[in-house]
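Biologist: I'd like to learn how to read the packing in a model like this one. Can we go through it together?

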Amino acid sequence: MSAAGDRLQDTARRAAVALPGVSHGYPFTPGLDVYKVAGKVFLIVTDDPDDQIITVKCEPEHARALERGHASITPGRYLDKRHWISLGPGPGITERLIADAVEDSYDLAAEQLPRGDRPRAR
């Protein structure tokens, strides 16, 4: 079952806060809820009710495959379009896909941290 926009955003937020060492706030603008691990951004949730998307970090090859397979997955808004994707509500955008995208993005951000700054394994 596909996730509607508000469910997409709520699912992403729940997945993010369940991960170790996550903080969030609105450092860029009041409409962008930004999630970080040790200062590295891994999830942006757009609060605009007319544009319900999330943006996550993604390996470039995997990102292109997801974009080809889902019309509502596009190159990342706000960030490097090669390494970020935006997911909107649409066919095939399930809660599992959203949670996996958030967890993968978290892992990519955490891998960039010095070993001592990485959160404990989940």
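Biologist: Leaving aside its neighbours within four places in sequence, which residues is Val-56 in contact with?

Modeller: First, some ground rules: this is a predicted model, where local features need pLDDT of at least 70 and side-chain atom pairs count only at pLDDT 80 or more, while totals for chains, interfaces and linings use all residues. Residues are numbered from 1 along each chain as its sequence is written, and side-chain values use heavy atoms, with hydrogens and water left out. Contact means heavy atoms within 4.5 Å. With those neighbours set aside, Val-56 is in contact with Phe-42, Leu-43, His-83, Trp-84, Ile-85, Leu-87, Ala-101, Val-102 and Ser-105.

Biologist: And which residues touch the most other members of the largest nonpolar core?

Modeller: In soluble globular proteins, nonpolar side chains tend to be buried together. A nonpolar core here is a set of buried Ala, Val, Leu, Ile, Met, Phe, Trp, Tyr and Cys residues joined through side-chain atoms within 4.5 Å; buried means under 20% relative accessible area, exposed over 50%, partly exposed in between (1.4 Å probe, protein chains only). The largest has 28 residues, and Phe-42, Leu-43, Ile-54, Val-56, Ile-85 and Val-102 touch the most other members. Helix H3 gives the most to this core, with eight residues.

Biologist: How is the sheet ordered?

Modeller: Strands (E, at least two residues) and helices (H or I, at least four) are DSSP runs, numbered from the N terminus, and two strands pair if DSSP finds at least two bridges between them. The sheet is open, with six strands in the order S1-S2-S3-S4-S6-S5 and antiparallel pairing. S1 (22-25) and S5 (73-75) are the edge strands, each pairing on one side only. Further in, S3 and S4 pair over three bridges, and Leu-43 stands opposite Val-56 in S4.

Biologist: Where does H3 lie?

Modeller: H3 lies across S1, S2, S3, S4, S5 and S6, at about 45° to S4. That angle is between N-to-C directions, on a scale from 0 to 180 degrees, with axes fitted to C-alpha atoms, for helices over the stretch in contact.

Biologist: How many aromatic pairs are there?

Modeller: A pair of aromatic rings is described by the distance of the centres and the angle of the planes. Rings of Phe, Tyr and Trp (its six-membered ring) pair if their centres lie within 6.5 Å; planes under 30 degrees apart count as stacked, over 60 as edge-to-face and the rest as tilted. The whole structure has one such pair. The rings of Phe-42 and Tyr-106 have centres 5.3 Å apart and planes at 85°, so they are edge-to-face. Phe-42 sits in strand S3 and Tyr-106 in helix H3, 64 residues apart.
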